[in-house]
Amino acid sequence: MDRTSLGAAVAARGLGVAGPRGWTFRAVDVAAAPGDLVAVEGPSGSGRTCLLLTLTGRMRPTAGTAEVGGLPLPRRMAAVRRITALAQIAGVCEPEGALSVGEHLRERVLLCRRFTGGPRALFRPPAEAAERAEAALATVGLDPDALPAGPRTLARDLGRPESLRLSLALALIGGPRLIAVDDADLKLGPADRADAWALLRSVAASGPTVLAVCGEAPEDADAVVTTHGKETADAFAAAGRA
Amino acid sequence: MRSPRLAALELRKFGRGALPRAALVALLLLPLLYGALYLWSFWDPYGRLDKVPVALVNADRGATVDGKRLTAGDSIVDGLRDSRTFRWRETGAEEARKGLEDGTYYLSLTIPADFSRRIASSAGDSPETGALQVRTNDANNYIVGSISRTVFSEVRAAASRKASRSFYDRIFVSFSTLHGKTQEAAEGADKLGDGIGTARKGAGDLKDGLDKAAEGSGRLRSGVGELYGGAGKLDDASGRLADGAGKVAAGTRKLADRVNGAAASPDARYVKEHAREIGEDARKVAAEARTLRRHLDDLPSAATTAKLARGSAAGAEVLGDSYAELCERAAEPPAFCPKLRKALFAARQSALGARELDTLVQNRNGELDAFPAKLDALRSGAEKLRDKAPTLASEIDAAVRDVNALDSGAHRVADGAGKLHDGAGKLRDGLGTASKGAAGLDDGLGKLRDGADRLQGGMVKLSDGSSKLAGGLHDGAKRIPDYGKDERDARTGVMADPVGLASRATHKAPNYGTGFAPYFIPLSLWVGAMVAYMLFPPLNRRALAAGAPAWRTALAGWLPVVAVGVLQAAALLAVLCWGLGLHLARAAGTIGFLCLVTASFAAIVQWLNARFGPAGRILVLMLLMLQLTSAGGTYPVQTSPGFFNALHPFLPMSYVVDGLRHLITGGDPAAVWRACAVLAAFAAGALALTAWTARRRQVWTVRDLHPELSL
């Protein structure tokens, strides 16, 4: 079953993405084993989000090579997308404030591909989608009934930690081997930040490899990838040339 | 069926909070602003033209025609006021001009001072057209100018119609008079024909009579000729008779002298001696008497003269009758009468002569009858004398007595023969005159008959000619129209307005609003879809991020807007039908069609927004303007420049307008089916493109994350 499938190994060398105004990030190396919690560290605007999108097959790399779960990028981008999921990523994938937690879960279930996982999936009973949602909620430790308005609590009424949990739960419903989380520690106090990392660690422990962007990498991260801002990258390049 | 449930979740967002709900309601009502509000303001402008103030200047002074007062201007004013085409304000010329200039009046109609006079001139010697003057001011309103041209062409036609009707009516009345007079002429010609027929018959009778007269006169002429010839012979014979009788008398005188001398002389010897001479003389006498007798037989018989007398009398009588009939009884005696009269006179003369001759021949008191017997006796006496001459001497005395008796008898015969000869001469002369007269009569009658013949020929021609004349006049009278009042009215009506315009609009739109609803409904639905995609995301970001199937993403973004669009269409249609009174020829069809329109428009707008992002909204607006200008919703698209005609078949709104027209005002549903097919194709095509876009947009670019433009 997908849930029990192993996380995807991530390996990248010299990865870079160029935008209309030059390199967003450049010369990034990643090496992560399945089930690792990878912290992506760097200042805001240093191309962290783009790196997440690139490693999940959702952005075409301009330079370098990468392999996710044994699938080469950018050649197998579509396949990589299927085994990866995005949790919260600003401007790309965020919970809709006007929808409730229950509606988000329902929506995510509806968005799942019907025929993933081979012919066996055809015979999967429909109820299993709900079961997967339950399991995902259990993994992230979110109990909708404990929320102020139960499952009808609107996403915009959720606190930052609950919002993160919800995003992770939604991502987990697709049964991904790699989950990308943006701004994992943004606007969190030290305690909440520790909780967040613990949450991410537990998600990683449940199977999928977790890529988490943060301002500052925790000590227990399995791997740390550092992105540098544009200037840094340019400086890097200049240094390399020199 | 996951897409509808996703769409339902999309819609559910608008149930959260007052502002989203208000936005959704505004979105539903937005098409009303574009469709209903506009159509409401222009719903029936042509039905409310009587609210448009216009100036009416009636300067017409009127005219007098055939003693009747004609005020054509007033009747036009009355007609205009009744017609309620505009709000007519009767003003003076100066005020009208000023009002038109400053916008008080949208136009001014002036009936000129000589309008009636010009109308009346149509029946006079120098016809002139009456002219109405219309002034408009496009600075006030352009449309009123073009409307007024239509209205006034009606007014002008009505006024012309009225004027020409009275004109034609007068013509028809003249025709009727002409018809009556021609009818009278035809009847006169009929009577003339009858009279000529009678004359022709009389001429025939005249000719027959003259034929008979000529025949009679011919017979008379030949009779008189014969008579004349007979009289000549009679004269000759009587001459010879007289001569003979004279000679006989002379002989008998000599005989008597000698006998008396002999008898007186006692010389019997002398008688004896001269007995042979006496016997010789007696033999001569006997011979002469025989000759005379023979001559006497040559005289015409009494039967011949009687026949002659009868014939000439009959001829004269016939001629007399003819004369009486032709000349005396006729009202106007023909020119030949005097000649005929002369001929008649001659005929009567000859008849008289013939009778005298007859009378003469008939015995002349028995003298002539006794004549041959006496001659016979003379001869036998002479023969006796001849025989008895030898014994004469003895019988001298007796002989002397006999000779004296013979002598006196011979003298009396000679006298009678002389008288006869005289009479025969007179008869011959008379008959000569009669013969000449009879010849003249016959010639005259011949000429008369020729004349009568020609007269009859002329009469036949006259009769033929007069019957042709009468026939022609009757035909002519039949062809000249003679109409009664009703018929005249009907005909003048047609002639005054011979070309009617049977304008029958199939599937007529009752007002301006109905006519333009097919244009404004798709406009408002397009705007509705355009604004809907400002509130709804064309593609759900979470779906893109989750890598959901592209079709499902596309449908999930399309269906909520289709649902909103259907509600928009329902609201619009409800307001148009129940609020403004739009009548739908095919209500159910229109509702279904509008759903398809909404679906198609939503798909197109969705794709443009999904594919081009913020720039797509501008493209949607551009596409709207292109469709509005090329759909042919107001003027036919053929009146637009070639650019719009080229664009027309490639844009969906062209088909929507076409289809809606046939649904709202009725008509051939083929256009609707074609529009359905085109719209379905556009919807399917746009959805396919959207799905393709959804698939592409599962891969982000740096530009997506940091857009250079946002609307």
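This section describes the aromatic ring pairs and the charge–ring contacts of a predicted model.

Over all chains, 13 aromatic pairs were counted. One of these joins Phe172(B) and Phe175(B), whose ring centres lie 6.3 Å apart with an angle of 45° between the planes, a tilted arrangement. Both residues belong to helix α7 of chain B, which spans residues 142–264; because they are 3 residues apart in this helix, about one helical turn separates them. The two differ in exposure class: Phe172(B) has a relative accessibility of 7% and is therefore buried, the limit being 20%, whereas Phe175(B), at 30%, is partly exposed.

Phe172(B) also pairs with Tyr483(B). The ring centres are 5.1 Å apart and the planes meet at 75°; since this angle is over 60 degrees, the pair is classed as edge-to-face. Distant parts of the chain are linked by this contact, as Phe172(B) lies in helix α7 and Tyr483(B) in the loop between α13 (396–479) and α14 (485–496) of chain B, with their positions 311 residues apart. Phe172(B) and Tyr483(B) are both buried.

A cluster connected by ring pairs is also found in chain B. Its members are Tyr38(B), Phe42(B), Tyr46(B), Tyr512(B), Phe516(B), Tyr519(B) and Phe520(B).

Contacts between a charged side chain and an aromatic ring include two that involve arginine. The charged end of Arg611(B) is placed over the ring of Phe612(B), at 5.0 Å from the ring centre. For Arg696(B), the charged end sits over the ring of Trp692(B), and the distance to the ring centre is 5.4 Å.

Key. Residues numbered from 1 in each chain as written. Chains lettered and ligands numbered in written order. Predicted model: local features only at pLDDT ≥ 70, side-chain atom pairs only at ≥ 80, totals over all residues. Heavy atoms only, no water. Phe/Tyr/Trp six-rings, centres within 6.5 Å; stacked < 30°, edge-to-face > 60°. Helix = DSSP H or I, 4+ residues; strand = E, 2+ residues; numbered from the N terminus. Buried < 20%, exposed > 50% of the residue type's maximum accessible area, 1.4 Å probe, protein only. Lys NZ or Arg CZ within 6 Å of the ring centre and 35° of its normal.
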